[in-house]
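Thanks for making time this morning. I would like to walk you through one model, beginning at the ligand and then moving out to the strands and one of the helices.

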Amino acid sequence: MSKPRALVTRGIFDEALEMIRETIDVDLWEDEMPPSRDVLLEKVKGVDGLLCLLTDKVDSELMDTAGPQLKVVSQIAVGFDNIDIPEATRRNIPVGNTPDVLTQTTADAAWALLLAAARRIGESERAVRSGNWRTWHPLHYLGQDVYNATLGIIGMGRIGIEVAKRSSGFNMQVLYSDIYRREDLEKEYGFKYVDLETIYKESDFISVHTVLSEETHHLISTKEFGIMKNNAVIVNAARGPIIDSKALYKALSEQTIAAAGLDVTDPEPIPVDDPLLTLENCVIVPHIASASVKTRREMSMISAENLIRGIKGERLLTPVNPEVYD
Ligand code: DGY
């Protein structure tokens with residue numbers, strides 16, 4: 001009997017691929033760059049399972065093109081804004097993601113960005129490399145203190161919580177906003193539940209950890225930057241479009257806020273002529289927050305396991321739309 005077929009849209013860890021190949025015929029897209037839309041649509045025809053990335057748009061057109069035998073969509077990421085979940089659910093297709101395993105790694109990266117932006121690490125490192133470190137000067141490269149400052153968390157999910165917990169070593173006050181209030185965290189850690197406006201007004205550091213949706217698209221724009229403190233540092237390790245990048249550019253270039261640390265941009269990759277890249281007070285890295293060896297290996301294994309289970313008709317380890325099992 002022939003094996004079921006799956007499309008894997010980018011290289012993942014070998015052990016994950018080997019595990020899939022034990023029972024499934026894999027069409028692996030080996031290029032560094034994502035398949036074009038046309039190629040993706042061609043390759044998905046007739047597959048039983050799809051293991052995809054946040055750079056692959058999985059919508060009704062793709063599901064139609066794949067055909068009615070498509071049993072599972074397994075995303076190697078925790079975020080899934082590239083996938084039309086209601087559409088998958090309507091078709092009874094379980095969608096898997098990779099939560100939990102990347103939480104700590106991503107929280108570490110948000111802190112790396114926070115500290116780098118606060119203490120002007122990118123700018124001063126560039127100065128060293130370009131021969132502009134000429135002397136020690138009492139007024140050079142003055143940044144923002146993190147110790148004793150106020151940290152505002154937008155989106156108190158798994159990653160937001162871990163970012164907030166790390167602040168205790170810096171003796172920070174934590175404000176948070178979320179659709180759910182977490183009184184347990186308030187009791188245990190002293191975090192304070194506030195509205196978004198209070199986050200913007202009172203925080204020295206703002207770290208964004210909400211999902212991207214219609215409601216959060218450009219959640220932070222001109223008005224929001226306008227009420228932030230002049231020393232505010234904003235960090236985004238969630239999704240680029242949550243921040244309006246034109247408004248961010250204006251706030252940073254006019255120094256109405258102090259700095260930004262971005263793991264994500266809008267669009268991705270950020271074009272090399274984007275004005276944000278001209279700013280010394282904007283640290284930008286290429287969406288690497290979950291990129292540790294251990295975490296990416298675990299993400300590979302979970303997405304492989306979800307793919308295999310979905311093709312076998314078993315419940316996924318981490319379904320995004322568990323209602324398909326009702
Ligand atoms: C995710 O998982 O959603 C990140 O953006 C990439 O790890």
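An oxygen atom of the ligand lies 2.6 Å from an N or O atom in the side chain of Ser-290, and I should say at once that we are looking at a predicted model, so that every distance I quote is computed from predicted coordinates. Two further contacts involve the backbone rather than a side chain: a ligand oxygen is 2.7 Å from a polar backbone atom of Val-78, and a ligand oxygen is 2.8 Å from a polar backbone atom of Gly-79. Taken on its own, the ligand has 230 Å² of accessible area, and the protein covers 88% of that. The residues surrounding the ligand include, besides those three, Leu-54, Ala-77, Leu-102, Arg-239, His-287 and Met-299.

Let me turn to the strands, starting with S10, which comprises residues 233-236. Which of its faces are covered? Both are, with Val-233 and Val-235 buried on one side and Ile-234 and Asn-236 buried on the other. Strand S10 has a parallel neighbour in S9, residues 205-208, joined to it by four bridges, and here Ile-206 stands opposite Ile-234. S10 also pairs in the parallel sense with S11, residues 259-262, again over four bridges, with Val-233 opposite Ala-259. Helix H11, residues 245-253, completes a right-handed β-α-β unit with S10 and S11.

Strand S2, residues 25-28, presents another pattern, in that Val-26 and Leu-28 form a covered face while Asp-25 and Asp-27 form an uncovered one. That arrangement can be read against the general rule that side chains in a regular strand alternate between the two faces of the sheet. S2 pairs in the parallel sense with S1, residues 5-8, over four bridges, and Leu-28 is the bridge partner of Val-8. Together with helix H1, residues 14-21, these two strands make a right-handed β-α-β unit.

Finally, helix H5 runs over residues 103-118, and its 16 residues reach 22 Å from the first C-alpha to the last, close to the 22 Å expected at 1.5 Å a residue. How many of its residues are buried? Twelve of the 16 are, so that H5 is mostly covered, and among them are Thr-103, Trp-111, Leu-113 and Leu-114, together with several alanines such as Ala-107 and Ala-110. Just after H5, Arg-120 takes a positive phi of about 55°.

Conventions
Residues numbered from 1 in each chain as written. Predicted model: local features only at pLDDT ≥ 70, side-chain atom pairs only at ≥ 80, totals over all residues. Heavy atoms only, no water. Expected span 1.5 Å × (residues − 1). Buried < 20%, exposed > 50% of the residue type's maximum accessible area, 1.4 Å probe, protein only. Pairing = 2+ DSSP bridges. Right-handed = clockwise from strand over helix to strand, strands pointing away. Near = heavy atom within 4 Å. Polar contact = N/O pair within 3.5 Å; in protein donor to acceptor, adjacent residues only side chain to side chain. Areas by Shrake-Rupley, 256 points an atom, 1.4 Å probe, with all protein chains shown as cover.
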